[in-house]
Amino acid sequence: IDGNIGYVGGFNIGNEYIGKNKKMGYWRDTHLNIKGSAVHMLELQFLLDWRFASKEQVSLESYISPHAPQDCGNTGIQIVSSGPDSKWPSIRNGFLKMINEANHSIYLQTPYFIPDDSLLEALKLAALSGLDVKIMIPNKPDHPFVFWASLSYMNELLQAGAKCYTYENGFLHAKTLTIDEKICSVGTANFDIRSFKLNFEINAFIYDEKIAKEIVTSFENDLTHSKELTHATYAKRGFIVKFKESISRLLSPIL
């Protein structure tokens, strides 16, 4: 907005995102209001996407002010984007670097959890190393195959010592990753292969302990509306559930 205010996160524009879809019910999401120089990068990415989609030769200089917005604080923010037009999966690489450099804790919320091999191994290694690894996904799926595929990865993580939760108070659409309560990421990218390689996504990587702790507090509040997925509960899955998980796991790279 006017090159001074930016919004980025999980919220899209639709009735379900404000809880008016009876099927989905309450919608739990995380979104950022950004002011300052990071807004220029959001604006730049919009113009690049517009030019890619419309083929219009937009003059970036005509839209982006050469003057930095008024300073609003000293929070370090990187705006990171990725998509099929990118040479490198920058958001995915950022996640992998964050996880690999964690010393104490990794808190992840995502509606779709379909990691590639490197990310899955990084999470398992972190859990095996004794880090506090917590992963939260929704219990109410909007895409059943994605939901069953997400569950199929949980057993490996549970065996490695990670803690997994299903959010029970509506639909969890928040896409956050917080490391050591110091660094966090909030944006549009799910923790899945499609978001990392096929979709146009954009995330804010935030280097600020205060903001990171706020995200952790939100995560902990969500735990009060969640159920822990344990070895015992996972082992009680029926044949039908196991079959759905197996088929969905096979299809996971294209979900």
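**Reading rings, pockets and odd angles**

Reply: Let's start with the rings: this structure holds eleven aromatic pairs. Keep in mind that we're looking at a predicted model.

Me: Okay, so how do I describe a pair of aromatic rings?

Reply: You give the distance of the centres and the angle of the planes. Take Phe95 and Phe205: their centres are 6.0 Å apart, the angle between the planes is 45°, and the pair counts as tilted.

Me: Where in the chain do Phe95 and Phe205 sit?

Reply: In distant parts of it. Phe95 belongs to helix H3 (residues 90–100) and Phe205 to strand E13, with their positions 110 residues apart. Phe95 and Phe205 are both buried.

Me: And how is the pair of Tyr107 and Phe219 arranged?

Reply: That one is stacked, at 4.9 Å centre to centre with 25° between the planes. The cut-off to remember is that planes under 30 degrees apart count as stacked. Tyr107 and Phe219 also link distant parts of the chain: Tyr107 is in strand E5 (residues 105–109), Phe219 is in helix H7 (residues 209–223), and they are 112 residues apart. Both of these residues are buried too.

Me: Which residues form an aromatic cluster?

Reply: Phe95 and Phe205 again, together with Phe113, Tyr153, Phe191 and Phe196. A ring can have a charge over its face as well: Lys55 lies over Phe52, 5.0 Å from the ring centre.

Me: Let's move to pockets. How much space lies in the largest pocket?

Reply: About 670 Å³. It is lined by 27 residues, and those closest to its centre are Tyr7, Val8, Leu42, Phe46 and Ile202.

Me: Which helix or strand gives the largest share of that lining?

Reply: H1 does, with seven residues. Helix H1 (38–54) is one of the elements that each supply at least two residues, along with strands E1 (5–9), E4 (76–82) and E13 (201–207). Sorted by class, the lining has twelve nonpolar, eleven polar and four charged residues.

Me: What about the second largest pocket, what is its volume?

Reply: About 340 Å³. Of its 15 lining residues, Ile34, Lys35, Cys72, Thr75 and Ile77 are the closest to the centre. Strand E3 (residues 31–35) gives the most to this lining, four residues. By class you get seven nonpolar, six polar and two charged.

Me: Now a single residue. Is Ala160 buried or exposed?

Reply: Check the relative accessible area: under 20% means buried. Ala160 has 9%, so it is buried. You'll find Ala160 in helix H5 (residues 144–160). Leaving out residues up to four places away in sequence, Ala160 touches Lys124, Ala127 and Leu128. Its C-alpha atom is 10.0 Å from that of Glu121, which is 39 residues away along the chain.

Me: Last one: what sign does phi have in most residues other than glycine?

Reply: Negative, for most of them. Here, Asp2 has a positive phi, near 55°. Asp180 also has a positive phi, near 55°.

Me: Where do I find Asp2, and where is Asp180?

Reply: Asp2 lies in the segment before E1, while Asp180 is in the loop between strand E10 (176–179) and strand E11 (183–187).

Me: Is Asp2 buried or exposed, and is Asp180 buried or exposed?

Reply: Asp2 has 75% relative accessibility, so it counts as exposed. Asp180 has 13%, so it counts as buried.

Technical notes. Residues are numbered from 1 along each chain as its sequence is written. This is a predicted model: local features need pLDDT of at least 70, side-chain atom pairs count only at pLDDT 80 or more; totals for chains, interfaces and linings use all residues. Side-chain values use heavy atoms; hydrogens and water are left out. On a 1 Å grid over the protein atoms alone, a cavity is a set of points where a 1.4 Å probe fits but cannot get out, and a pocket is an open set with protein on both sides within 12 Å along at least five of seven lines; lining residues have an atom within 4 Å of a point. Grid points are joined across faces, edges and corners, and a volume is the space filled by probe spheres set on the points. Ala, Val, Leu, Ile, Met, Phe, Trp, Tyr, Cys and Pro count as nonpolar, Asp, Glu, Lys and Arg as charged, and the others, Gly among them, as polar. Buried means under 20% relative accessible area, exposed over 50%, partly exposed in between (1.4 Å probe, protein chains only). Contact means heavy atoms within 4.5 Å. Rings of Phe, Tyr and Trp (its six-membered ring) pair if their centres lie within 6.5 Å; planes under 30 degrees apart count as stacked, over 60 as edge-to-face and the rest as tilted. A charge sits over a ring if NZ of Lys or CZ of Arg is within 6 Å of the ring centre and within 35 degrees of the ring normal.
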